[in-house]
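I opened a new structure today and went through it one feature at a time. These are my notes, in the order I looked things up.

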Amino acid sequence: MSALAGLGLAPVINAAGTVTRLSGGILAPEVVAAMAEASAACFDMLDLQAAASRAIVAATGAEAGIVTGGASAALLLGAAACLVGLDPAAMDALPRDAARREVIVARSQRTMYDRAVEVAGGRLVEVGIPDRFSGAGVRDATAAEMAAAIGPATAAILWVAQPWSEPPLEELCRVAQAAGVPVLVDAAAQLPPLANLRGFLDAGADLVAFSGGKAIGGPQASGILAGRRKLVASALLQMLDLDLPAAQFRLPPEFAGNRALPFLPRHGIGRSCKAGKEEIVGLLVALQRFQAEGDAPRQARMRARLAAVQQAMGQPPGVAVEIAEGPTPLLLLRCADAAAARAAEAALRARRPAVHVNQGRLREGVLVVHPAALAEADLPALGAALAAVLGSDTVLPFASAAKAG
Ligand SMILES: *Cc1c(COP(=O)(O)O)cnc(C)c1O
């Protein structure tokens, strides 16, 4: 009996994207093989993270990098690093005490992910009013407003990356750098394009967090923190198991600046952020593959998946079907109205295997088929399920059987 069957587990068809709620995406066989290889041996975790740093530096242009248990873990560790730097006594005092603990963020960029900053001991300070909700407003937070909020208790500025994020990162980094305050970027889901691996650091960010389990194609519980060597070293120290005699501890050159630690801190605030050897090695292989493929071939591979779904689905009556181009192409199914889209989404989820489409645009009446987490073998079944639920009159033999069922 297969392991999954033994556990009574039934997979779903995931057309929602690499969302955590649906277990992320599907790993390439090369990534799985690397994880299996790593699992069959033991390592010094410092050696693993040093290897990770070399690969992350090559990919991002950062001074250093580590693999964490996810982008949320990277945000927690990055905030902790900004709060205490390389002061071991201050590391040991987190999250209860910190001399500087305010993390400034544009009010329009608040997300549920920023509680990672608060878990580390940070206190979010909101700036600006995204007044567009009123219909009259035209402004968001400005770099000058953010600069005015900087004070003696400021530990960092958090910037959540989206193409429309304000203030622009370069302007923000200029005022932050002038004040000596690091900028931490949440870029968890900002890949592809590949250029974003370097873009936020090039714009002046001090630390950037990426998810490993989204488009990179790494293990679901993996992430990257990359940036300034001193801050990454602080993050690493606050994540590692430091239960060893202090004299035996030596920070690898990948992380060591010119400052020696006065003493070795205890297990840090980031112990719960740890990445295992399988995640680290799996993510590094996935990152290599992600870079090697390039944006245009990846888009073509995703478009081919959507085309296969579309062909199997046929033309559902009253539904406008379109492939929307973007960093990741998407299949949009525009239904008569929001109620029709919601009903179709529910019917898809009620099937066995359950079909999950992306729900982000249901209120506009649009079902979004996201290709990133689809298994190639699921494409005909997904098309048939959409045909059955949306009432396509297709010429494909399995569509009528699916409709009858
Ligand atoms: C997905 C996401 C996260 C969390 O990433 P994990 O790797 O799942 O921890 C954080 N911030 C944003 C904006 C995200 O989209």
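**Salt bridges**

I began with R305 and E376, whose side chains meet in a salt bridge at 2.8 Å, N to O. The model I am reading is a predicted one. I then looked up where the two partners sit. R305 is in helix α12, residues 295–313, and E376 is in the loop between β12 (366–369) and α14 (379–390), so this pair ties together parts 71 residues apart in sequence. Next I checked burial for each partner. R305 comes out as buried, because its relative accessibility is 8% and the limit for buried is under 20%. E376 has a relative accessible area of 46%, so I noted E376 as partly exposed.

After that pair I looked for bridges with shared partners. R107, R110, D114 and E126 are joined into one network by salt bridges that share partners.

How many salt bridges does the structure hold? I found 16. I kept one general point in mind here: side chains of opposite charge can pair when their charged atoms come close.

I picked E166 and R132 next. Their side chains form a salt bridge with an N to O distance of 3.6 Å. This pair links distant parts of the chain, 34 residues apart. E166 lies in the loop between β5 (154–160) and α8 (169–179). R132 lies in the loop between β4 (123–127) and α7 (143–148). E166 is partly exposed at 29% relative accessibility. R132 is partly exposed as well, with a relative accessible area of 41%.

The last bridge I looked up was E293 with R298. Their side chains meet at 3.6 Å, N to O. Is each partner buried or partly exposed? E293 counts as partly exposed, at 24% relative accessibility. R298 counts as buried, at 6%.

**A sheet of three strands**

I turned to the strands. Which order do the three strands of the open sheet follow? I read it as β9-β10-β12, with antiparallel pairing. The edge strands are β9 (320–324) and β12, and each of them pairs on one side only. From one strand to the next, the twist averages 20°.

I then followed β10 (residues 330–334) to its partner β12. Four bridges join these two strands, which run antiparallel. I took one residue as an example: R334 has V366 in β12 as its bridge partner.

**H356 and its contacts**

I looked up H356 next. H356 is in strand β11, residues 355–357. I noted H356 as buried, because its relative accessible area is 11% and buried means under 20%. Which residues touch H356, leaving aside its neighbours within four places in sequence? I listed V12, I13, N14, A15, A16, R21, L22 and R349.

**A nonpolar patch**

I finished at the surface. L4, L7 and L9 make a nonpolar surface patch of about 320 Å². I chose L7 for a check of its own. L7 sits in the loop between α1 (3–6) and β1 (13–15). Is L7 buried or exposed? L7 is exposed, because its relative accessible area is 65% and the exposed class starts over 50%.

Methods. Residues numbered from 1 in each chain as written. Predicted model: local features only at pLDDT ≥ 70, side-chain atom pairs only at ≥ 80, totals over all residues. Heavy atoms only, no water. Buried < 20%, exposed > 50% of the residue type's maximum accessible area, 1.4 Å probe, protein only. Contact = heavy atoms within 4.5 Å. Salt bridge = Lys/Arg side-chain N within 4 Å of Asp/Glu carboxyl O. Patch = residues over 30% accessible without salt bridge, like charges linked within 9 Å, V, L, I, M, F, W, Y side chains within 5 Å. Areas by Shrake-Rupley, 256 points an atom, 1.4 Å probe, with all protein chains shown as cover. Pairing = 2+ DSSP bridges. Axes fitted to C-alpha atoms, helices over the stretch in contact; angles between N-to-C directions.
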